[in-house]
Amino acid sequence: MGEISLMRAGDGIVTAAADNDGAGDEPRAEEPRDDQDYGNWGVEIRVAFRKSEALQVLDNHRQSGGERAVSTILYLQSMQHMVAAPFRVVDEINQGMDQNNERMIHEIVVGTACQRGSSQYFLITPKLLPDLNYHPMMKVLCIFNGEWQPTTLNFARYITDARRRPAVH
């Protein structure tokens with residue numbers, strides 16, 4: 001297996017986020033015997049979530065759902081500058097993450113999405129942690145649907161409280 005050069009170019013954000021808790025990554029390209037048979041190509045990502053752990057292949061047997069979600073979004077974020085797109089959709093990536101990882105990923109996605117010239121982002125999620133930082137360039141749309149919604153909700157207070165929080169820069 002040889003290391004994929006495309007991945008090495010995007011390591012900055014993965015390494016920066018991983019340095020917070022000692023995690024690491026090592027993306028590799030699987031090189032099939034017939035390099036023209038692109039259907040057999042793949043990406044193998046090796047991760048460690050604790051300093052004492054060796055790098056392990058990212059799969060659904062070794063890591064929790066939250067660890068896989070963190071690895072996936074960091075991998076995708078590391079490649080954002082390589083592929084131009086008018087918008088990006090992130091759907092329920094925070095499900096299964098612990099609060100620390102959810103906050104870290106929210107900061108990274110907001111920081112990426114709110115850079116001048118960045119693609120427009122749509123983050124779709126049924127839940128968000130309280131007291132997250134929101135950038136002035138963000139627009140938040142809350143869709144209330146379902147039988148479990150509160151009978152009363154003070155939108156004015158919600159917006160006022162949200163505006164008091166410090167912005168991410």
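Me: What distance does helix α3 reach from its first C-alpha to its last, and what is expected at 1.5 Å a residue?

Reply: α3 has 14 residues and reaches 20 Å between its first and last C-alpha. The expected span of a helix is 1.5 Å times one less than its number of residues, and for α3 this expectation is 20 Å, to which its reach is close. The structure is a predicted model, in which local features need pLDDT of at least 70 and side-chain atom pairs count only at pLDDT 80 or more, while totals for chains, interfaces and linings use all residues. Residues are numbered from 1 along each chain as its sequence is written, and side-chain values use heavy atoms, with hydrogens and water left out.

Me: How many helices and strands does the protein chain have, and what makes a run count as one of them?

Reply: The protein chain has 5 helices and 5 strands, where helices (H or I, at least four residues) and strands (E, at least two) are DSSP runs numbered from the N terminus. Read from the N terminus on, their order is α-α-β-β-β-α-β-α-β-α.

Me: Why is S71 called buried or exposed?

Reply: S71 has a relative accessible area of 8%, and buried means under 20%, exposed over 50% and partly exposed in between (1.4 Å probe, protein chains only); S71 is therefore buried. S71 is found in helix α3, residues 65-78, and in that helix 10 of the 14 residues are buried, which leaves α3 mostly covered. Among the other buried residues of α3 are G66, E67, A69 and V70. Leaving aside residues up to four places away in sequence, S71 touches V47, F49 and L58, a contact being heavy atoms within 4.5 Å.

Me: Which residues touch the most other members of the largest nonpolar core, and what makes a set of residues such a core?

Reply: A nonpolar core is a set of buried Ala, Val, Leu, Ile, Met, Phe, Trp, Tyr and Cys residues joined through side-chain atoms within 4.5 Å. In the largest one, which has 17 residues, V70, I73, I93, M97 and I105 touch the most other members. The elements that give two or more residues to this core are β2 (42-48), α3 and α4 (99-113), and α3 gives the most, with 5 residues. M97 touches G66, A69, V70, E102 and I105 when residues up to four places away in sequence are not counted.

Me: Why is the pair E102 and K127 called a salt bridge, and what parts does the pair tie together?

Reply: A salt bridge is a side-chain nitrogen of Lys or Arg within 4 Å of a carboxyl oxygen of Asp or Glu, and the closest N and O atoms of E102 and K127 are 2.8 Å apart, so the pair qualifies. Because E102 lies in helix α4 and K127 in the loop between β5 and α5 (155-164), the pair ties together parts that are 25 residues apart in sequence. E102 is buried, with a relative accessible area of 4%, whereas K127, at 34%, counts as partly exposed.

Me: What separates D161 and R164 along helix α5, and how do their side chains meet?

Reply: D161 and R164 are 3 residues apart in helix α5, so about one helical turn separates them, and their side chains meet in a salt bridge with an N to O distance of 3.3 Å. At 28% relative accessibility D161 counts as partly exposed, while R164, at 64%, counts as exposed. Elsewhere, salt bridges that share partners join R50, E53 and E67 into one network, in which R50 and E53 meet at 2.9 Å, N to O.

Me: Which residues make the nonpolar surface patch, and what makes V89 eligible for it?

Reply: F87, V89, F122 and I124 make a nonpolar surface patch of about 370 Å², with β4 (87-91) and β5 (120-124) as the elements that give two or more residues to it. Patches are made of residues with over 30% relative accessible area and no salt bridge, like charges being joined within 9 Å and nonpolar side chains (Val, Leu, Ile, Met, Phe, Trp, Tyr) within 5 Å. V89, found in strand β4, has 47% relative accessibility and so counts as partly exposed, a value that meets the area cut-off of over 30%. Accessible areas come from the Shrake-Rupley method with a 1.4 Å probe, and for residues only the protein chains shown count as cover.
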